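Colleague: I am new to this structure and would like a close look at a single part. Could you walk me through one strand and its surroundings?

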Amino acid sequence: SRRFYGTSVQLMGPKFDRIFETPGGFYAARYKHLIEPEAVWNYRKSDENFDLVNRFDRYDRSGQSNQISFGLVNRVLAKRYRDGIEESSATDVITWRIQQTWYFDPKSGSYDSRYVSSSFEDDEMEITKSPIRSDFRFTPDQSVNGDWTMDWDPEQRLFTSIRTGVRVGDRLSNRRFNFNWSRRARRIGGKDS
């Protein structure tokens, strides 16, 4: 086991929203579109000797980090009908987040587990900015959801990872279907700024 000490600060907003009324609509009585910027600062200090940890997967590379992420979140919420009655709370139908992380310690950028392209990179590679990440999630119903994630490296003009997945079936059902596909490209060595 390893110990980590850290803190994080998250800033959201201002939020911009618009409500669309669709009385008698087949899916929902109304929709709400939200756009909000976000910034998250994370600091983590490790009390272990980072260089002595054997690396089997990307989570073994978790060491000290000091980073800030900037992003923009688009959300579409729907007030659905259940048995002909409008629900009291809204459901997240679409969430699309675009973000990029900046690293105050350039070595920590090569092992940020949130970015698939960072795992198992060369220890000498210094990365001050992560790829631009796009996370798109579509949940039309509790039993159906899909997601599509891409990491784009603007310095090298390269999609470093693309992943997609679809899941059908709820947690209580004995019948579930999962489909996942991914593709990854390695970043070219050298210093990244």
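Modeller: Let's begin with phenylalanine 177, which has a relative accessible area of 47% and therefore counts as partly exposed, since that class runs from 20% to 50%. Bear in mind as we go that this is a predicted model. Phenylalanine 177 lies in strand 10, a strand that covers residues 177–184.

Phenylalanine 177 also belongs to a nonpolar patch on the surface, together with Val166, Val168, Phe179 and Trp181. The area of this patch is about 450 Å². Two strands each give at least two residues to the patch: strand 9, which spans 158–168, and strand 10. The largest share is that of strand 10, with three residues.

Now move along strand 10 to serine 182, another of its residues. Serine 182 has a relative accessibility of 51%, so it counts as exposed; the cut-off for that word is over 50%. Leaving aside residues up to four places away in sequence, serine 182 touches Ile162 and Arg163. You can also look from serine 182 to threonine 164: 18 residues separate the two along the chain, yet their C-alpha atoms are 6.4 Å apart.

Finally, a word on confidence. The protein has a mean pLDDT of 80, with 77% of its residues at 70 or more. Among its elements, the highest mean pLDDT is that of strand 6 (residues 91–103), at 93, while strand 5 (residues 85–86) has the lowest, at 73.

Methods: Residues numbered from 1 in each chain as written. Predicted model: local features only at pLDDT ≥ 70, side-chain atom pairs only at ≥ 80, totals over all residues. Heavy atoms only, no water. Helix = DSSP H or I, 4+ residues; strand = E, 2+ residues; numbered from the N terminus. Buried < 20%, exposed > 50% of the residue type's maximum accessible area, 1.4 Å probe, protein only. Contact = heavy atoms within 4.5 Å. Patch = residues over 30% accessible without salt bridge, like charges linked within 9 Å, V, L, I, M, F, W, Y side chains within 5 Å. Areas by Shrake-Rupley, 256 points an atom, 1.4 Å probe, with all protein chains shown as cover. Salt bridge = Lys/Arg side-chain N within 4 Å of Asp/Glu carboxyl O. pLDDT = per-residue confidence, 0-100.
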